[in-house]
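Work through the exercises below with the sequence and the structure open. Try each task before reading its solution.

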Amino acid sequence: MSRPFRFGVNLLTPAPAAEWRAKCRRAEELGYDVILVPDHLGMPAPFPALVAAAEATHRPRLGTFVLNAGFYNPALLAREVATTDALTGGRLELGLGTGYVPAEHETAGLPYGSPRERVDHLRRTVEELDRLLGSDEHQPRTARSRMPLLIGANGDRMLRLAAEHADIAAFTGARPGSAGGTLEPLTAEELDERVARYRGLAAGRAEPAELNLLIQLVAVTDDPEPVLKPLLERQPQLTLEAALALPIVLAGPLQDVLARVRAQRERFGFSYLTVLEPYMEALAPVMERLREESA
């Protein structure tokens, strides 16, 4: 039986306190299940932003989407995670990834490393967090014995790590581009292969993980071509038809978008969808209709 839908919004833009709180309250009003913050230089610092989001809202979970493990020492990260979970009343969902922007590491004065080194560091981080936060002696304490762990993955070693440890396996629907710090979208067929690879690695799990997809563009419109123009300019190899077929794109009339969301849950298993802040309002009618159907 399919999991019920969950929806998250990744808030990207720094804002003063009143504006940040209003933005978080608006996400709650629209029905988002999770308020998320990324981990990029130039964007909000994840942990204080989530504490402020908790103070402004009541219902949504709060998550990192996703922390760049290369920015953190595991022991210091455990302190941040435990404090944030306590201050948000146990609403934290911890999202972790390797990072993919070399320039951010250079700016921070931190090594970027090879793909293997970045995955190795993430594995050590996951295992050390599990050890530290699972210890009765660790201070500060989390609000719960264990919080949900999301791992953002695409490559084989990352999919294996997600299969072993993640409560939520998050698929970017993209691969690192030829230019450092860029992403190139996966076709539906390519994403089929990645999801199948993950399922094979996760076959021995006692409980299946929730599957998440990051949606890069949402537009409920009878004429999606103008909305897709910036994407087509960034990805000149795509035709309009190919762009509309990308799993990370939801564009078209409302009934078409609804059908697409249902079909992607059936095909890939994606029941948890995350959108970027610029599309927070655009997804609202889609969420509303899907919830009416399941009521």
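**Exercise 1. Overall form**

Task: Compare the radius of gyration of the chain with that of a compact globule of 295 residues.

Solution. The model is predicted. Start with the expectation: for 295 residues, a compact globule would have a radius of gyration near 19 Å. The chain has 19 Å, so the value agrees with the globule rule. Next, take the box. Along the principal axes, the C-alpha atoms fill roughly 55 × 40 × 40 Å. Then count elements: the chain holds 11 helices and 13 strands.

**Exercise 2. Burial, surface and charge**

Task: State what share of the residues is buried, and describe the surface and the charges.

Solution. Buried residues make up 49% of the 295. The exposed area of the chain is about 13,800 Å². Carbon and sulfur atoms supply 53% of that area. For charge, count 33 positive and 40 negative side chains. The centres of these two sets lie 3 Å apart. Finally, look at contacts with a separation of 6 or more: 74% of them join residues 24 or more positions apart.

**Exercise 3. The cores**

Task: Find the residues with the most contacts inside the largest nonpolar core, then locate a second core.

Solution. The largest nonpolar core has 83 residues. Those with the most contacts inside it are Tyr32, Leu96, Phe171, Tyr198, Phe270 and Leu283. A second, separate core has 10 residues, including Phe65, Leu150, Ala170 and Tyr272. Now follow Leu96. Beyond its neighbours within four places in sequence, Leu96 contacts Val66, Leu67, Leu77, Leu122, Val126, Leu129, Leu149, Leu150, Ile151 and Gly152.

**Exercise 4. Leu77**

Task: Is Leu77 buried or exposed, and which residues does it contact?

Solution. Place the residue: Leu77 sits in helix H3, residues 74-87. Its relative accessibility is 0%, so Leu77 counts as buried. Leave aside neighbours within four places in sequence. The contacts of Leu77 are then Phe47, Leu67, Tyr72, Leu96, Thr125 and Leu129. Check a distance as well. Leu77 and Glu128 are 51 residues apart along the chain, and their C-alpha atoms are separated by 9.8 Å.

**Exercise 5. Leu150**

Task: Place Leu150 in an element and list its contacts.

Solution. Leu150 belongs to strand S6. The cut-off for buried is under 20% relative accessible area. Leu150 has 4% relative accessibility and therefore counts as buried. Excluding neighbours within four places in sequence, Leu150 contacts Phe65, Val66, Leu94, Gly95, Leu96, Ile168, Ala170 and Tyr272. Take Ile168 from that list. The C-alpha atoms of Leu150 and Ile168 are separated by 4.4 Å, with their positions 18 residues apart along the chain.

**Exercise 6. Two cis peptide bonds**

Task: Where do the cis bonds ending at Val66 and Pro140 lie?

Solution. Recall the background: most peptide bonds are trans. The bond from Phe65 to Val66 is cis, with omega near -15°. Val66 lies in the loop between strand S3 (61-64) and strand S4 (67-68). The bond from Gln139 to Pro140 is also cis, with omega near 0°. Pro140 lies in the loop between helix H5 (115-133) and strand S6 (149-153).

**Exercise 7. Thr274 and Asp167**

Task: Set the burial of Thr274 beside that of Asp167.

Solution. Begin with Thr274, which is in strand S13, residues 270-276. At 0% relative accessibility, Thr274 counts as buried. Beyond four places in sequence, Thr274 touches Gly8, Asn10, Leu36, Phe65, Asn212, Leu213, Leu214 and Ile215. Turn to Asp167, in the loop between helix H6 (156-165) and strand S7 (168-171). At 28% relative accessibility, Asp167 counts as partly exposed. Beyond four places in sequence, Asp167 touches Arg146, Met147, Pro148, Leu149, Arg205, Ala209 and Glu210. Asp167 and Glu233 are 66 residues apart in sequence and 36 Å apart in space, C-alpha to C-alpha.

**Exercise 8. His121**

Task: Which residues does His121 touch?

Solution. Find His121 in helix H5. Set aside residues up to four places away in sequence: His121 touches Ala69, Gly70, Tyr72 and Pro74. Then try Ala206. His121 and Ala206 are 85 residues apart in sequence and 26 Å apart in space, C-alpha to C-alpha.

Notes
Residues numbered from 1 in each chain as written. Predicted model: local features only at pLDDT ≥ 70, side-chain atom pairs only at ≥ 80, totals over all residues. Heavy atoms only, no water. Helix = DSSP H or I, 4+ residues; strand = E, 2+ residues; numbered from the N terminus. Rg over C-alpha atoms; globule rule 2.2 N^0.38 Å. Buried < 20%, exposed > 50% of the residue type's maximum accessible area, 1.4 Å probe, protein only. Contact = heavy atoms within 4.5 Å. Areas by Shrake-Rupley, 256 points an atom, 1.4 Å probe, with all protein chains shown as cover. Lys, Arg positive; Asp, Glu negative; His and termini not counted. Charge placed at Lys NZ, Arg CZ, Asp CG, Glu CD. Core = buried A, V, L, I, M, F, W, Y, C linked by side-chain atoms within 4.5 Å.
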